[in-house]
Amino acid sequence: MASKRVLGLLGGGQLGAMLCEAANPLNVPIAILDAENAPAKKIHYNKNHGTGSFKDAAKIRELAAHCEVMTVEVEHVDTEILEEINTKGVQVTNADGTTTTKKIAVHPSWKTIRLIQNKYDQKEYFAKQGVPIAEQVALDGGDAMLPSMKEISSKFGFPWMLKSRKDSYDGRGNLKISSEADFDQAIAEFGKLSCYAEKWVPFQIEFSVMVIRTEDDAGNTKRLIPYPVVETVHEDNICSKVYMPPRNISPEICKRAQDVACNVVGKLWGRGVFAVEMFLTKNGNVLVNEIAPRPHNSGHLTIESVPYMSQFKAQLTAILDKPLPETLKPHVQSSIMINVLGGATPDAHDSLIEKAESMYHPDAAVYVHMYGKESKPSRKIGHITVTGFMPVAELEKFAEPLIQSAQDVRQERLKASSKALRPQAAATAPDVAAPSAGVSRASGDPLVLVTMGSDSDLPVLKAGFDILNQFGVPWEVDITSAHRTPAKMGQVATDAAGRGIKVIIAAAGGAAHLPGMLAAYTPLPVIGVPVKATHLDGMDSLLSIVQMPRGVPTATVAINNSTNAALLAIRILGAFVPELLEKMKAYQLDMENQVKDKANVLREISVEAYLEKMGKK
């Protein structure tokens, strides 16, 4: 595979890093759009890398202009811009200064990503296609949520699953409703989200099948190649272990699972690898749970067990439409993957890694993959793969010290009450965790505290997080409700200056008292971000923050504009941090040059041509 076609990648976390590790020996250039210090950029150099949010439409167009095909690391992306660059194209400046429009192939297709983003719509689509799924019903929100949950409980009985339609991963966005006692928690955590209910599935095991899909230029399926079935084990709603082959499952059921997985992927669009997660029920039925249109945690063990065509090499091979093998047979008899999850302390996993590095067996091998990510409770920071020329039960005995060590880390984490976090109304990519007090995103002690009245405000703050990361400003995030946790809010504000915090950014909707109340408790500058809530289009939030009484100044930005909140915080810090001041100057100069470039183009071509270029004619 000596292709020189540039592959654009939206997102540069650990999946992107492993994709780049597979691309390097194949001489496949990958241009990545993500933060400057994204893990994937450390693996693979490319002059066309972009720095910024992979949800920024302008940045995506800029990256696309240097690529022939684009893919995603995670499905939480803007499918509107992907549809645009695929169907309308992007403007490319030629060597002679002229511009042309180039359509960019997107794999998997933006149609697939758009469908997958909404789990309820995804399953409704598959149900209509005859794919076996668990029974589900839409759930009313707002004031109707409580009666809707009561009606569902009457229909399904207890327990049943409450799920967010969008932006869920690693079990985040799911809540098991075991009795009416769980209703209050459900309303508090999911009340502002678009949700659905799913009938409880009494399953025997969970398993997953990775499937490679290729298609012709007209979008017709050419080939569907399944990997061997793997068993997935979840603890605290996060995958902890993966077994290949599944334990105590017949080859006939594995073949049926592969057939179901291929049937599902055959109904999607685009090239690449797809993970199909399924349940084997106690009565022997195979039900589809959800699909990931990308390399997946359950496929990591293919790096060593199917080395000639790991899931990452397969992703590249399929997207670039290169030759694939007829079947995918592992080079070993069995394999086990153990996720390395952050513990109660930053070094809690060290003993697990040391143990893995010391183990030896003549018929087995142990491989450690660390992602270079900061350790936080329950965060995936690496994985360990054990392969062997022996039955999976024997390999499990050899791997038992690692499994037990991982359990020890988990137990310490649980004792410290470090809980796996839930996703938010439009959650961040896997590399940007959900809110937790003390979560710093850049090296060094946090200088900016970002807080919100409710986790539903998190999506509004995502753009601000990206700006802080772009400038390399250490920050932390918390939830401090002015009404539901007033004592905590006051303490957080009072303690902030003593902890080294220099600026506080606070987002709130509705009555939006949080920024003003924080400003009343702290001598630090507070920047309020009004959040557009369900009613009044955010004007109530804006006025609540901007109309603070004399003596309690609270800076206020436009509704939902966390970008300006972050930029203002950086300007405040820049007054006494020269490095940030220089970065802000460069940022302003870049904006100025962008406007000048647009003005020059407009003077050189007609208004009609410029509108055509903008895609607005």
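This report describes strand pairing, packing, cavities and backbone geometry in a predicted model.

Residues are numbered from 1 along each chain as its sequence is written. Because the model is predicted, local features need pLDDT of at least 70 and side-chain atom pairs count only at pLDDT 80 or more, while totals for chains, interfaces and linings use all residues; side-chain values use heavy atoms, without hydrogens or water.

**Strands and sheet**

Helices (H or I, at least four residues) and strands (E, at least two) are DSSP runs, numbered from the N terminus. Two strands are taken as paired if DSSP finds at least two bridges between them. Strand S5 (residues 90-93) and strand S6 (residues 99-102) run antiparallel and are joined by four bridges. Val90 has Lys102 as its bridge partner in S6. Five residues lie between the strands of this hairpin, where Gly97 takes a positive phi near 90°.

An open sheet of four strands follows the order S8-S11-S9-S10, with antiparallel pairing. Its edge strands, S8 (136-139) and S10 (174-177), each pair on one side only. From one strand to the next, the twist averages 25°; axes are lines fitted to C-alpha atoms, for helices over the stretch in contact, and angles run from 0 to 180 degrees between N-to-C directions. S8 and strand S11 (residues 195-199) are joined by four bridges, and Leu139 stands opposite Cys195 in S11.

Two helices are associated with these strands. Helix H6 (residues 119-128) lies across S8, strand S9 (160-164) and S11, at about 145° to S8. Helix H7 (residues 145-156) packs on the sheet and touches S8, S9 and S11, its direction making about 165° with that of S8. Contact here means heavy atoms within 4.5 Å.

**Nonpolar cores and buried helices**

A nonpolar core is a set of buried Ala, Val, Leu, Ile, Met, Phe, Trp, Tyr and Cys residues joined through side-chain atoms within 4.5 Å. Buried means under 20% relative accessible area, exposed over 50%, and partly exposed in between (1.4 Å probe, protein chains only). The largest nonpolar core has 29 residues, and those with the most contacts inside it are Val448, Val450, Leu468, Phe471, Val473, Ile505 and Ile570. Elements giving two or more residues to this core include strand S21 (448-452), helix H14 (458-471) and helix H18 (562-574). H14 provides the largest share, seven residues. Not counting residues up to four places away in sequence, Leu468 touches Val448, Val450, Val473, Trp475, Ala566 and Ile570. Another core, of 27 residues, lies apart from it and has Ile205, Phe207, Ala261 and Ile291 among its members.

Helix H5 (residues 110-117) is largely enclosed by the rest of the structure, because six of its eight residues are buried. These are Trp110, Thr112, Ile113, Leu115, Ile116 and Gln117. Their cover includes strand S4 (69-72), helix H4 (79-87), H6 and strand S17 (286-292). In helix H16 (residues 514-521), the residues Leu514, Pro515, Gly516, Leu518 and Ala519 are buried.

**Cavities**

A cavity is a set of points, on a 1 Å grid over the protein atoms alone, where a 1.4 Å probe fits but cannot get out; lining residues have an atom within 4 Å of a point. Grid points are joined across faces, edges and corners, and a volume is the space filled by probe spheres set on the points. There are four cavities of 30 Å³ or more, and the largest holds about 140 Å³ of space. It is lined by 16 residues, of which Glu235, Ser240, Asn339, Leu341 and Ala406 are the closest to its centre. Helix H13 (392-415) is one of the elements that supply at least two residues of this lining, and H13 gives the largest share, six residues.

**Backbone geometry**

Most residues other than glycine have a negative phi, and most peptide bonds are trans. The table lists cases that depart from this pattern.

| Site | Feature | Location |
|---|---|---|
| His107 and Pro108 | cis peptide bond, omega about -5° | Pro108: loop between S7 and H5 |
| Phe158 to Pro159 | cis peptide bond, omega near -5° | Pro159: loop between H7 and S9 |
| Asn248 | positive phi, near 60° | loop between S15 and H9 |
| Asn560 | positive phi, about 65° | loop between S25 and H18 |

Asn248 is exposed, with a relative accessible area of 77%, whereas Asn560 counts as partly exposed at 32% relative accessibility.

Definitions and conventions:
1 Å grid on protein atoms, 1.4 Å probe; cavity = no way out; pocket = protein on both sides within 12 Å on 5 of 7 lines; lining within 4 Å.
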